[in-house]
Amino acid sequence: MLPFQSIQEAEASLGRNMTIGETLWFKYSANKSDYFLYCHNTIFLFIFYTLLPLPYAIAELLRSYKVDRFKIQPKVKHSLRQMFKCYKHVMTVYTVAVGPLQLCSFPVVQAIGIRTRLPLPSASEMFWQLLVYVVVEDYTNYWLHRMLHSKWGYDKIHRIHHEHTASLGYAASYAHWAEILIFGFGSVLGPMIVPGHMITLWLWMILRQMEAIETHCGYDFPWTPSKYIPFYGGAEYHDYHHFVGGKSQSNFASVFTYCDYIYGTDKGYRYQKEVFAKLKEKSGGKYASSMEDLKAE
């Protein structure tokens, strides 16, 4: 809750006129508690996970050639029933485990110094904080992911996520409740190290969901903006991890590929990519149209 009764008071405290963004923030948050503002993360969790995978789900059901040619494993078809089962599982985990934990973790948010007050962070501040968050999360979850591929971690927890050997958007969070919480630690570690504004935290949680859904979407669209991000893995990169299956010791990265490259856990993927390219070149682009064909060979 902002400690001002009017825009004039807020501007007097800032010593300048508020920006359009700050005015909107004042009008929305002035009479709302910090706890209520923090609870938006839980609301966003349900809304964005429901809506963002929908285009991929529709593409999967329609199976139009114009879109289907970008499907990474085109021989695999997911039915509406399978997708709904996946969605239902994730919503249950969010309702029973993730949501309540978020709602109870507000004292931690207060302790680390996530602020709601004016002024709002500049675009530059938000960019650098988000960059820290994604790098910290990526490095942390790389090792957590490798841990979950140990015999105990896989058999007891991670095997549920690998029930889908071909990814789909709604499977991004299809996992054991403990796995969601384990990877959630990596997501909150960055904001704990470099606390920022509540809006930055909102944006980070939304971007993290968008990235997870994209990497599990099952489609490798050439126009995806993330393709222009250096060292970004993307859907094809992560799909290989699912394609290999439970014994996979490759492509553990959450967002970027540098950890897999440094620690040598992308060798299988790079080898298959090279073989794939050679086979495709020899056949004039008509041979081995997907990883499935490559595996069959």
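Select Asn251 to begin: Asn251 is buried, and its relative accessible area is 0%. The model on screen is a predicted one. Asn251 sits in the loop between helix 13 (234–244) and helix 14 (258–262). Inspect its backbone as well, for the phi of Asn251 is near 55°, a positive value in a residue other than glycine. Most residues other than glycine have a negative phi.

Next, select Arg63, which offers another positive phi, of about 50°, although Arg63 is not a glycine. Arg63 is placed in the loop between helix 5 (54–62) and helix 6 (65–68).

Proceed to Leu118 and Pro119 and display the backbone between them. The peptide bond from Leu118 to Pro119 is cis, and its omega is near 5°. In general, most peptide bonds are trans. Pro119 belongs to the loop between helix 8 (106–112) and helix 9 (123–148).

**The whole chain**

Now clear the selection and show the entire chain as a cartoon. What does its secondary structure come to? The chain has 16 helices and 0 strands. Its radius of gyration is 21 Å, close to the 19 Å that the globule rule gives for 297 residues, so the chain is as compact as a globular protein of that length. Along its principal axes, the C-alpha trace spans about 70 × 40 × 40 Å. If the display is coloured by burial, buried residues account for 48% of the 297 residues. Contacts may be considered in the same view: among those between residues at least 6 apart in sequence, 69% join residues at least 24 apart.

**Helix 1 and helix 2**

Select residues 7–14, which form helix 1, together with residues 20–29, which form helix 2. The axes of helix 1 and helix 2 come within 11 Å and cross at roughly 130°. Helix 1 and helix 2 are therefore oblique to each other, and their crossing is right-handed. Show side chains at the contact: Ile7, Ala10 and Leu14 of helix 1 meet Glu22, Thr23, Phe26 and Lys27 of helix 2. The residues of this contact comprise 4 nonpolar, 1 polar and 2 charged.

While helix 2 is displayed, select Ile20, which lies in that helix. Is Ile20 buried or exposed? With a relative accessibility of 70%, Ile20 counts as exposed. From Ile20, draw a distance to His216, which is 196 residues away along the chain. The C-alpha atoms of Ile20 and His216 are separated by 36 Å.

**Helix 11 and helix 12**

For the final stop, select helix 11 (residues 177–193) and helix 12 (residues 198–215). How do the axes of helix 11 and helix 12 cross? The two axes come within 11 Å and cross at roughly 155°. Angles over 145 degrees count as roughly antiparallel, and helix 11 and helix 12 are therefore roughly antiparallel to each other. Helix 11 passes helix 12 in a right-handed crossing. To view the contact itself, show Ser187, Val188 and Pro191 on helix 11, then Leu201, Trp204, Met205 and Arg208 on helix 12. Sorted by class, the contact of helix 11 with helix 12 holds 5 nonpolar, 1 polar and 1 charged residues.

Definitions and conventions:
Residues are numbered from 1 along each chain as its sequence is written. This is a predicted model: local features need pLDDT of at least 70, side-chain atom pairs count only at pLDDT 80 or more; totals for chains, interfaces and linings use all residues. Side-chain values use heavy atoms; hydrogens and water are left out. Axes are lines fitted to C-alpha atoms, for helices over the stretch in contact, and angles run from 0 to 180 degrees between N-to-C directions. Helices (H or I, at least four residues) and strands (E, at least two) are DSSP runs, numbered from the N terminus. Angles under 35 degrees count as roughly parallel, over 145 as roughly antiparallel, 65 to 115 as roughly perpendicular and the rest as oblique. A crossing is left-handed if the near helix is turned anticlockwise from the far one by less than a right angle, and right-handed if clockwise. Contact means heavy atoms within 4.5 Å. Ala, Val, Leu, Ile, Met, Phe, Trp, Tyr, Cys and Pro count as nonpolar, Asp, Glu, Lys and Arg as charged, and the others, Gly among them, as polar. The radius of gyration is taken over C-alpha atoms; the globule rule is 2.2 Å times the number of residues to the power 0.38. Buried means under 20% relative accessible area, exposed over 50%, partly exposed in between (1.4 Å probe, protein chains only).
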